[in-house]
Amino acid sequence: MSVHAPILAIAVPLLGGFAVPLLARIHKKVRDLWVLLVVLFVAACAGYVAAHVLEQGIWVYVLGARNPQETLAPGGFPIRIMLTVDAMSAFMGIIAGLLALVAFPFALKYIPEEEGKNLSLTLGVLLLAGIMGMSYTGDLFNFFVFLEVTSIAACGIIGFRTWTSRAPEAAFKTMLLFSLSGLFFLLALAFLYGEYGALNLAYLAAQIRGSVVDRLALALFLAGLLMKVAAAPVHFWAPDAYGEAPAAKTLLLVVNTQVSLYGLWRVLFTVYGGALSAGVGWLVVSLGLLTMVVAAFMALAQTDLGRLVAYGAVSQIGYMMLGVGVGLVTLSGRPDYGLVAMKGGIFHMLNDALTIGLLFLCVGAVEWAKGTRDLRELGGLGHGLPGVALCFLLAALALAGIPPLNGFASKILIYEGSFRLSPILGAVAVLASILLLAVFARAFQGAFLGPKAEVRVKLPWVFFLSLGALAVGILVLGLVPGFFVEELVTPAAKALWHGRALYLAAVLGG
Amino acid sequence: MTVVVRTITRLLLPISLVFGGYVVMHGHLTPGGGFQGGAVAASGLALVIVAFGAERLAGKKGLFSALESFGGVAFAALGFLGLGVTFFANVLAGSGKLFGHPVPYGPNPGDLNTAGTLPLMNWAVGFKVLAGLSAVVLLFALFGGESDR
Amino acid sequence: MIGNLPFVVCMILIALGLWTLLAKRNLIKLVIGMSLIESGVNLFLVSLGYVHGGIPPIYTYAPSGAPMVLPTPQALTLTSIVIGVATSALMLAFAVVIYRHKGTLDARKIRDLRG
């Protein structure tokens, strides 16, 4: 059974998501237990797959074949849908599994029963299935299908509170943008299909030439995926979406964005690998810088705590783009600092997931306790909610990259790599960090410091479980980053940096 | 709606449901399959909603939801059926059990009893699409108008 | 040149859809623009599979000896159409909810979330 682990990580949440309304008719507790079991199973599968891949190399699983390794049809052409899990995919799977483990128990308590909890949980589990599918797949059209699954599920989650007027507006705008990005991606796919006749990632990587059609497809891929990732000129959906979704589900939306970013790296590094010019890398780097700075400035003006943290999340995407973009620029020469920057960018995905996750959960706890997120009305919560205040402070410091926390570990790698490429990049990145620290210090002061405020509602213990788990993760990753960088991040970075030949050999060579 | 529309609807509803079922059933032989057949059948139900008003079907929302979930679970479960070999492996094709006749190669008059798990998956998707699209049209008709709930 | 006509038509459809998204303010018209882009992309995907003189790729009662049009882009297009249905339904549902809250479908007047 363990030979089927990659597909089980995708199929079990699919089955589980559809079964939630049926089980809810039996009893509410049965449904809650079922959701927790499904999420636990997915996290276990993700961990198992990662351990296996890190030990034994790329794991290929072909659906519907006579045995799971039968990649090529007679004739030497890959025709079936396959899952190709290398170190980078396994890394994204771990992030998804980890955050789902933390988000779902929180959500089970956070969403009140009368708000349509069935549907919210179904959408959340389906979103998890889509995210795992996007991480593990080895076929470009399969990636598109899971991309659209996550878009639809994410917009359903964003627009959930239909009795307010803000949530449907955010959901409509987000759905418009996600749908457009999916269609650009499909158009690029169509160009590549017309050119090469197959959509398997490894097959395309072996055949790609750099002709005009390929470059057109690359432009469309960039357009579509940069819209989904909330890069700078088209980041408008992210603050609305992250701000309006119920707090626990925002973690899944953040993972969704990160896995879309992983999709961009997969297309740029593995499919296009050698046929790229440095201009594409510079585009990614400059958009990353723009995202960082614009989001940090917009965060200054926010009065809603949820939107403020959302702008912080958008800004961190800029760091990931900067780090891996430096690697993209130097892909032809492959100097050392390119790998360092890529390790920083990829490690930052894990750190950002934990940090932003903790921030959003704190915002959710504050909203549960006080019923509002407006900074002008909050204040003095540090006395009534000491645990939440401490977690918020920890996460804000980690976000800004203060030493011994995990944000510092990844940001120092990004600063070092980007500074070696061009000093301006490193300088702007550091400045954006300082700006974000100022923003979050103001938010912390506005919400938690000040004269003591009445907190009459007691937070459920499940909240503290999730908050504590993330806080412990932040501290551990900050105090011993070397272990995680060596074991998890470096194989993932190397898989993108010079693992293209191994990827092709795993699928086409046998 | 007028008497003419209602009478024609009463005549057309069974025809559209049967035609949708036919398209679903023969998905592995002729153009069609789960989504197409489900959409045809759902158009019949949409005609009922337009002709008789949404309140006639309003009590059936729970049924639609249950049918939709059942279709989804059945589709995923059929994928799990092949887990002895690989996920989505077609274990019933060519094996002599339900839908198990071997398929002749090349142009042939189609045999319905072939293709293993494919017709079963077509049915699962057909139910899901029928329930889903009908529920969408029903909810738009019930809640989308000027009148409040 | 005449063989490229389907592709040119698809690009015109996509351009019309993009223009609708940029120029129109009514929410329903935005959904229609998205649907135009979808139609253009789906048409492009299907017309990629054309084989000159081909028949539909169905073995049931097929005339023997004729070349068949490629079936894979047809499967891809079908998937894309289904996804398009789901996204249109979702966008229209949210447009309906926005209308019930705000009484208007003008995108410039629905600006609760600003800044």
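**Figure 1. Helix α6 of chain A, residues 166-196, has the span expected for its length.** At 1.5 Å a residue, its 31 residues should cover 45 Å, and the end C-alpha atoms lie 45 Å apart, so the two agree. The expected span is 1.5 Å times one less than the number of residues. Helices (H or I, at least four residues) and strands (E, at least two) are DSSP runs, numbered from the N terminus. α6(A) is mostly covered, with 27 of its 31 residues buried. A buried residue has 20 or more other C-beta atoms within 10 Å of its own; an exposed one has 12 or fewer, and a partly exposed one falls in between, with C-beta atoms placed from the backbone. G197(A) follows the helix and has a positive phi, near 85°. This is a predicted model: local features need pLDDT of at least 70 and side-chain atom pairs count only at pLDDT 80 or more, while totals for chains, interfaces and linings use all residues. Residues are numbered from 1 along each chain as its sequence is written, and chains are lettered from A and ligands numbered from 1 in the order in which they are written.

**Figure 2. Helix α13 of chain A, residues 336-370, is kinked.** How far apart are its end C-alpha atoms? They are 50 Å apart; 35 residues at 1.5 Å each should span 51 Å, which agrees. The kink is about 25° and is centred on N351(A). The bend at a residue is the angle between axes fitted to the seven residues ending there and the seven starting there. Of the 35 residues in α13(A), 31 are buried, so the helix is largely enclosed by the rest of the structure. Just after α13(A) comes G371(A), with a positive phi of about 80°.

**Figure 3. Two loop residues of chain A other than glycine take positive phi.** A230(A) has phi near 70°. A230(A) sits in the loop between α8 (212-229) and α9 (237-244). Is A230(A) buried or exposed? It counts as buried because it has 26 C-beta neighbours inside 10 Å. R334(A) has phi near 55°. Its loop runs between α12 (305-329) and α13 of chain A. R334(A) has 11 C-beta neighbours inside 10 Å and therefore counts as exposed.

**Figure 4. Strands β1 and β2 of chain A run antiparallel.** Joining β1 (residues 59-62) to β2(A) are 4 bridges. Strands pair if DSSP finds at least two bridges between them. V62(A) has M82(A) in β2(A) as its bridge partner. In β2(A), residues 82-85, M82(A) and T84(A) point one way, while L83(A) and V85(A) point the other way. All of these residues are buried. In a regular strand, side chains alternate between the two faces of the sheet.

**Figure 5. Chain A touches chain B.** The contact involves 16 residues of chain A and 16 residues of chain B. Two residues are in contact if their C-beta atoms, placed from the backbone, lie within 7 Å. On the chain A side, the largest share, 8 residues, comes from helix α1 (residues 5-26). By class, that side has 12 nonpolar, 3 polar and 1 charged residues. Ala, Val, Leu, Ile, Met, Phe, Trp, Tyr, Cys and Pro count as nonpolar, Asp, Glu, Lys and Arg as charged, and the others, Gly among them, as polar.

**Figure 6. Chain B has 4 helices and 0 strands.** Along the sequence its pattern is α-α-α-α. Its C-alpha atoms fill a box of roughly 55 × 30 × 20 Å along the principal axes. Of the 149 residues in chain B, 40% are buried.
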